[in-house]
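Biologist: I've never looked at this one before. Could you walk me through it, one question at a time?

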Amino acid sequence: MARMIFIKAFLRTSLRDRLIPLCATVLVVAIGISLGQWQMRRAADKQLIEATLLARASTKPVLVSAVSVDAKEMEYRHVQVWGEFDQNWPIYLDNRPYKGIAGFYVLMPLKIKDSNKHVLVARGWVRRDQYDRTKLPFIPVPHGIIAIDGIAKRSLPRSLALGAAEKIYPKAIMQNVDIAAIAHASGFEMQTILIEQKNELPDGLVRDWPLPFAGVDKHRAYAFQWYALAAAGLLFFLITGRRRARQ
């Protein structure tokens, strides 16, 4: 009787000792492969963006007028628009460093020539006051009808923001904002694209915009690390299992 109890206890313990490492290994391998594939998909997406941007940006500039545009079709195209800045509605996007220096992206609606329609223009980057983040820099605004050349985008890269949505108002300092929200807050009828301005104006803003496809090699490196984790987990399980079998 005692011998049978011992055998049953041994079998239960042996099964548990094999099952727990197996489940842990399957979990580690699944996570590693899944996250590695996710990083590879991000790298592929950025490569597609690079190809699209290079193909579209090298074409003849598209004139943006009051006629509504297809944002997806227009994205990354070289565009030009004539109009006048509404200097009463600047928006400042916070946490946008440039070469390690804290600063803002300056956004401003441009009233398209001979219409009541506006298009949002990302005018450029400006340094933030290092002692008082709420102190806004003076930025000259051109008067009258001017030409803006740039690249069409559906949105700007988002920064991490916690909590409720921020209230939009003239000269607001915000973490993130979208075109629809600005249109709603301002009452302007707006195009569904924004323009990253490229042509220079005497306003002191920096227009060295980050490339949307930057970091492809970083994603591949992260993918390699996740795949390596999956391989290490499987190898560890096989080696320890072989040693346990010998014992």
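Biologist: Let's start with a strand pairing. Which residue in β4 is the bridge partner of Gly83?

Modeller: Keep in mind that this is a predicted model. Strand β2 covers residues 78-85, and it pairs with β4 in the antiparallel sense over three bridges. Gly83 has its bridge partner in β4, and that residue is Ile112.

Biologist: What about β3 and β4: how many bridges join them?

Modeller: These two strands also run antiparallel. As one example, Tyr92 stands opposite Val106 in β4. The number of bridges joining β3 to β4 is three.

Biologist: And how many bridges join β4 to β5?

Modeller: Here again the strands run antiparallel. Among the partners, Leu110 goes with Val119 in β5, and Gly103 goes with Arg127. The two strands form a hairpin with four residues between them. The bridge count for β4 and β5 is nine.

Biologist: Which residue in that hairpin turn has a positive phi?

Modeller: Look at the turn between β4 and β5. Its phi is about 60 degrees, and the residue is Asp114.

Biologist: Do β5 and β8 run parallel or antiparallel?

Modeller: Five bridges join this pair. One of the partnerships puts His118 with Met190 in β8. The sense in which β5 and β8 run is parallel.

Biologist: Why is β4 described as largely enclosed by the rest of the structure?

Modeller: The cut-off to know is that a residue is buried when its relative accessible area is under 20%. Tyr105, which lies in β4, counts as buried at 10%. β4 is called largely enclosed because, of its 10 residues, the number buried is nine.

Biologist: How many of the 11 residues of β5 are buried?

Modeller: One of the residues in this strand is Trp125, and Trp125 is buried. The strand is mostly covered, and its buried count is 10.

Biologist: Now the interior. Which residues have the most contacts inside the largest nonpolar core?

Modeller: That core has 21 residues. Strands β3, β4, β5, β7 and β8 and helix α3 each supply at least two of them. In soluble globular proteins, nonpolar side chains tend to be buried together. The residues with the most contacts inside this core are Ile91 and Leu107.

Biologist: How many residues are in the other core?

Modeller: This one lies apart from the largest core. Its members include Val79, Val141, Ile146 and Leu201. The residue count is 18.

Biologist: Moving to the aromatic rings, is the pair of Tyr98 and Trp125 stacked, tilted or edge-to-face?

Modeller: A search of the whole structure finds three aromatic pairs. In this one, the ring centres are 5.2 Å apart and the planes sit at 45 degrees. An angle under 30 degrees would count as stacked and one over 60 as edge-to-face. With 45 degrees falling between those cut-offs, the pair is tilted.

Biologist: How many residues apart in sequence are the parts that Tyr105 and Trp209 tie together?

Modeller: Their ring centres are 5.1 Å apart with planes at 70 degrees, so this pair is edge-to-face. Trp209 is buried, with a relative accessible area of 7%. Tyr105 lies in strand β4 and Trp209 in the loop between β8 and α4, so the separation in sequence is 104 residues.

Biologist: Is Gln197 buried or exposed?

Modeller: Gln197 is found in strand β8. Leaving aside neighbours within four places in sequence, its contacts include Phe85, Arg123, Asp149 and Trp209. With a relative accessible area of 0%, Gln197 is buried.

Biologist: Two of those contacts, Phe85 and Arg123, caught my eye. Which residue lies over the face of Phe85?

Modeller: Both are in contact with Gln197. The distance to the ring centre of Phe85 is 4.9 Å, and the residue over the face is Arg123.

Biologist: Last one: how far apart in space are Thr134 and Ile173?

Modeller: Thr134 lies in the loop between β5 and β6. Its side chain makes a polar contact with the side chain of Asp132, at 2.6 Å. Thr134 and Ile173 are 39 residues apart in sequence, while their C-alpha to C-alpha distance is 7.6 Å.

Key
Residues numbered from 1 in each chain as written. Predicted model: local features only at pLDDT ≥ 70, side-chain atom pairs only at ≥ 80, totals over all residues. Heavy atoms only, no water. Buried < 20%, exposed > 50% of the residue type's maximum accessible area, 1.4 Å probe, protein only. Contact = heavy atoms within 4.5 Å. Core = buried A, V, L, I, M, F, W, Y, C linked by side-chain atoms within 4.5 Å. Polar contact = N/O pair within 3.5 Å; in protein donor to acceptor, adjacent residues only side chain to side chain. Phe/Tyr/Trp six-rings, centres within 6.5 Å; stacked < 30°, edge-to-face > 60°. Lys NZ or Arg CZ within 6 Å of the ring centre and 35° of its normal. Pairing = 2+ DSSP bridges.
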